[in-house]
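Please open the model in your viewer and keep the sequence beside it, so that each selection can be followed in both places. The tour moves from a single residue outwards to the whole chain.

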Amino acid sequence: MFGAVIHAPGDVRYEERPDPTIVEPTDAVVRTVAACVCGSDLWRYRGISPVPRPTPIGHEFCGVVEAVGDAVTTVTVGDFVVGGFNPSDGTCPVCRKGAHANCLNGAHYDGAQAERIRIPWADGTLVATPEHPAEDQVPSILALSDVMCTGWHAAVSAGVGPGRSVAVVGDGAVGLCAVLASAQLGADAVIAMSRHEPRQRVAREFGATHVIAERGEDGAARVRELTEGIGADCVLECVGTEDARLQAVACVRDGGNIGLVGVPHGELPMNDLFWRNVGVKGGPAHCRAYLPHLLDLVLARTINPGLVFDLELPLAEVAEAYAAMDERRAIKSLLRPRSA
Ligand SMILES: [Zn+2]
């Protein structure tokens with residue numbers, strides 16, 4: 001089979017790789033219907049995170065089960081499935097608390113931007129749709145594999161709900177999904193921070209009540225104008241850079257909460273946050289905990305997170321999918337294997 005391998009910063013290649021097989025009885029093998037490029041893949045593509053050796057890449061997918069190990073009971077050959085970016089066993093004490101991202105037996109995919117993927121812990125990771133979905137729902141189901149669960153996690157971590165004002169830092173796919181999550185969770189005001197017109201449009205479609213283009217202190221001042229002069233109850237930080245983290249600190253009100261889901265590449269001023277009584281929570285999303293509910297919302301056409309995909313390419317053109325996102329020509333690239 002073929003799949004994407006990152007060799008060095010800026011160098012992602014589509015090349016032949018061994019076909020995945022069932023290694024453990026808890027495994028499945030999925031034939032990829034759609035995969036995509038993550039903002040977090042760009043950390044390596046941009047040379048910010050190291051690439052010590054050629055490595056298969058990608059962790060977002062949906063597809064059809066081709067094989068299952070003897071111990072797998074909840075999915076079967078032929079099922080259409082989606083799984084989160086972080087496989088979990090679903091049975092350890094941490095998973096039983098709903099914190100699947102921190103599964104005691106957590107595992108990784110060996111590159112999901114590929115024609116086939118080995119899925120560790122198939123029962124604890126995959127969720128099957130009741131029937132094969134309509135073609136136009138595939139992008140939204142794919143978005144559940146990471147960005148929608150991650151945006152949801154930001155909102156849940158910050159306590160978003162009715163009566164709350166929310167500011168979202170970051171207008172990438174995760175930030176846009178955090179807007180969608182906040183609206184879905186009943187927030188009163190959802191302020192999207194974006195200065196890119198196409199992304200502003202998606203934010204409004206996802207339920208943003210206000211879009212502000214300013215950044216830094218000007219951006220924080222605009223958020224205060226919209227929140228009785230005090231800042232947002234909940235700020236969702238969906239980038240991870242130091243600038244974005246400090247933007248979140250500047251936009252939250254005293255006694256409010258910051259939900260962090262951007263992969264951290266900068267410090268937080270914890271002493272300042274202490275005196276301001278600001279709560280900070282977040283991390284990698286508990287995808288498997290959120291997937292059943294979010295999949296129901298997608299299949300009922302209540303939410304359509306697939307709108308974040310504004311570029312679709314054959315998997316063979318994965319290098320261009322990375323370049324387009326790196327150069328911000330695309331919010332998020334969807335990839336289709338030729339066999340799909
Ligand atoms: Zn677990």
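**Starting from one residue**

Select Val169 and, leaving aside its neighbours within four places in sequence, display the residues in contact with it, which are Gly175, Met193, Val235, Leu236, Glu237, Cys238, Val239, Ala244, Gln247, Ala248 and Cys251. Keep in mind throughout that what you are viewing is a predicted model.

Now widen the selection to the largest nonpolar core, which has 109 residues, and in which Val169 is listed with Val168, Cys177, Val235 and Leu236 as having the most contacts inside the core. Which helix gives the most to this core? Colour helix H6, residues 173-184, and you will have the answer, for H6 contributes eight residues. The core draws at least three residues from each of domain 1 (2-146 + 286-336) and domain 2 (148-282).

**The open sheet**

Next, show the six strands that form an open sheet with parallel pairing, and follow them in the order E11-E10-E9-E12-E13-E14. At the edges stand strand E11 (210-212) and strand E14 (279-282), each of which has a single partner strand, so one side of each is left without a neighbour in the sheet. Looking across the sheet, you can see neighbouring strands turned against each other by 20 degrees on average, if direction is ignored.

Zoom in on strand E10 (residues 189-193), which runs parallel to E11 and is joined to E11 by three bridges; select Ile191 as well, and find its bridge partner in E11, which is His210. Then add helix H5 (residues 147-157), which packs on the sheet and touches strand E12 (232-237), strand E13 (252-260) and E14, with the direction of H5 making about 155 degrees with that of E14.

**A helix with a buried face**

Move on to helix H12 (residues 318-326), and mark Val318, Ala321, Tyr322 and Met325, which are buried. Why do these buried residues line one face of the helix? Seen down the axis of H12, they fall within an arc of 95 degrees, so they lie along one face. They pack against strand E1 (2-8), strand E2 (11-16), helix H1 (41-45), strand E15 (311-314) and strand E16 (333-336). Just after H12, select Arg328, which takes a positive phi of about 55 degrees.

**Where the domains meet**

Finally, colour the two domains separately: their C-alpha centres lie 26 Å apart, and 20 residues of domain 1 are in contact with 18 residues of domain 2. On the side of domain 1 that touches domain 2, the largest share, four residues, comes from helix H11 (residues 287-299).

Conventions. Residues numbered from 1 in each chain as written. Predicted model: local features only at pLDDT ≥ 70, side-chain atom pairs only at ≥ 80, totals over all residues. Core = buried A, V, L, I, M, F, W, Y, C linked by C-beta atoms within 7 Å. Buried ≥ 20, exposed ≤ 12 C-beta atoms within 10 Å, placed from the backbone. Helix = DSSP H or I, 4+ residues; strand = E, 2+ residues; numbered from the N terminus. Domains from an automatic or database assignment. Contact = placed C-beta atoms within 7 Å. Arc of directions from axis to C-beta. Pairing = 2+ DSSP bridges. Axes fitted to C-alpha atoms, helices over the stretch in contact; angles between N-to-C directions.
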